[in-house]
Amino acid sequence: MQEIKTIAIAGAGTMGAGIAQVSAQAGYNTILFDINLEMLQKGKNSVENSLNSLLKKGKLSLEKKEEIQTKIKFTSEINELKADLIIEAIVENLAIKQKFFKEVAELNSPETILASNTSSIPLTQIAEKISNPERVVGIHFFNPAPVMKLVEIISGEKTNPEIVEVCKKLLAGMGKTCVMAADSPGFIVNRVARLYYVESLKILEENVATFEDIDLLLESSGFKMGPFRLMDLIGVDTNFSVTNSIYNLFNQASKFRPSKIQQQKVEAGFHGKKTGKGFYEYE
Ligand SMILES: NC(=O)c1ccc[n+]([C@@H]2O[C@H](COP(=O)([O-])OP(=O)(O)OC[C@H]3O[C@@H](n4cnc5c(N)ncnc54)[C@H](O)[C@@H]3O)[C@@H](O)[C@H]2O)c1
């Protein structure tokens with residue numbers, strides 16, 4: 001079975017920084033790459049804050065924290081994106097992901113596993129422009145990656161089953177619970193969860209209730225987070241891109257119709273926690 005020593009993560013945003021932490025905590029040499037230096041620094045701060053919180057809770061020693069940090073190399077140089085496994089966590093846009101993978105596939109050996117953290121885009125489409133599409137796989141972490149145990153593994157039409165086994169073993173070693181999903185839009189979780197967001201936004205659009213009350217109601221009835229608080233955590237922009245992607249991949253089925261309210265939030269730059277304002281305001 002293929003041995004993984006170095007894992008590179010592309011995109012140091014909401015997901016990428018957390019995935020880098022998971023990788024380094026599991027002892028892998030880790031590279032975190034972003035084209036945007038400001039985002040790279042934010043990603044670095046996010047890992048630091050997350051490890052500090054574990055330190056405070058007594059879940060991590062200072063020595064271990066420093067060891068984890070030295071395992072991560074932060075870079076904005078694409079030429080340094082060389083690894084045994086590359087996990088892409090950049091924007092949810094097919095053309096951008098295809099371009100990224102084409103570039104990275106040329107930089108790396110044909111053995112390098114190319115994984116996408118996409119929430120909705122079929123892996124077969126992502127692999128289309130790559131010379132060895134059998135090494136493309138979906139590794140879909142959940143937010144926040146260091147906390148959430150669930151990972152969906154997605155095989156594209158051409159994915160080599162041996163690569164899936166390598167990923168399963170690796171993720172189990174990281175303490176994750178893997179669920180296999182077919183290459184269908186939104187896979188399992190995002191397809192089911194889409195209606196949680198879309199229907200709540202429709203209720204808001206129809207002035208049935210305020211977003212705070214919708215959250216309050218759903219949280220009181222047992223959901224960990226209401227849909228609006230959850231969209232703010234995910235990133236209102238990312239959530240909107242995922243809804244658009246699923247809506248189009250399901251031939252614009254009305255049940256997945258994206259909301260104008262959400263579109264306006266995205267256009268106004270109210271992207272949730274990461275920008276300090278979404279539906280709610282943050283420090
Ligand atoms: N946010 C979530 O809760 C969540 C959960 C699971 C999966 N995902 C998926 O993970 C991916 C990333 O989502 P996110 O929410 O972390 O996005 P984000 O907007 O928080 O971060 C994306 C990062 O990618 C960087 N980037 C953009 N183009 C790039 C390129 N060509 N090369 C390198 N870096 C580039 C941006 O600078 C940014 O830092 C998406 O595919 C999304 O669907 C998101």
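Trainee: What makes up the domain assignment of the protein chain?

Mentor: Good place to start! In this predicted model, the assignment gives domain 1 (6–181) and domain 2 (190–274). Their centres, taken over C-alpha atoms, are separated by 25 Å. Domain 1 brings 7 residues to the contact and domain 2 brings 10 residues.

Trainee: How do you know where the ligand lies relative to domain 1 and domain 2?

Mentor: Look at the shell around the ligand: both domains give residues to this shell, so the ligand lies between them. Of the 30 residues around the ligand, Gly11, Gly13, Met15, Met39 and Asn143 come nearest. Helix 4 (94–107), strand 6 (136–141) and helix 10 (236–249) are the elements giving two or more residues to that shell.

Trainee: How do you know whether the span of helix 7 agrees with what is expected?

Mentor: Helix 7 (residues 189–205) has 17 residues, and at 1.5 Å a residue they should span 24 Å. The rule multiplies 1.5 Å by one less than the number of residues. The end C-alpha atoms are 24 Å apart, which agrees.

Trainee: Why are some residues in helix 7 called buried?

Mentor: A residue is called buried because 20 or more other C-beta atoms lie within 10 Å of its own. In helix 7, Asn190, Arg194, Tyr197, Val198, Ser200, Leu201 and Leu204 are buried.

Trainee: What puts them on the same side of helix 7?

Mentor: These buried residues cover an arc of only 165° around the axis, which puts them on the same side. Their cover includes helix 8 (211–220), helix 9 (227–234), helix 10 and helix 11 (260–268).

Methods: Residues are numbered from 1 along each chain as its sequence is written. This is a predicted model: local features need pLDDT of at least 70, side-chain atom pairs count only at pLDDT 80 or more; totals for chains, interfaces and linings use all residues. A residue is near a molecule or strand if its C-beta atom, placed from the backbone, lies within 6 Å of it. Helices (H or I, at least four residues) and strands (E, at least two) are DSSP runs, numbered from the N terminus. Domain bounds come from an automatic or database domain assignment. Two residues are in contact if their C-beta atoms, placed from the backbone, lie within 7 Å. A residue is buried if 20 or more other C-beta atoms lie within 10 Å of its own, exposed if 12 or fewer, and partly exposed in between; C-beta atoms are placed from the backbone. The arc is that of the directions from the helix axis to the C-beta atoms.
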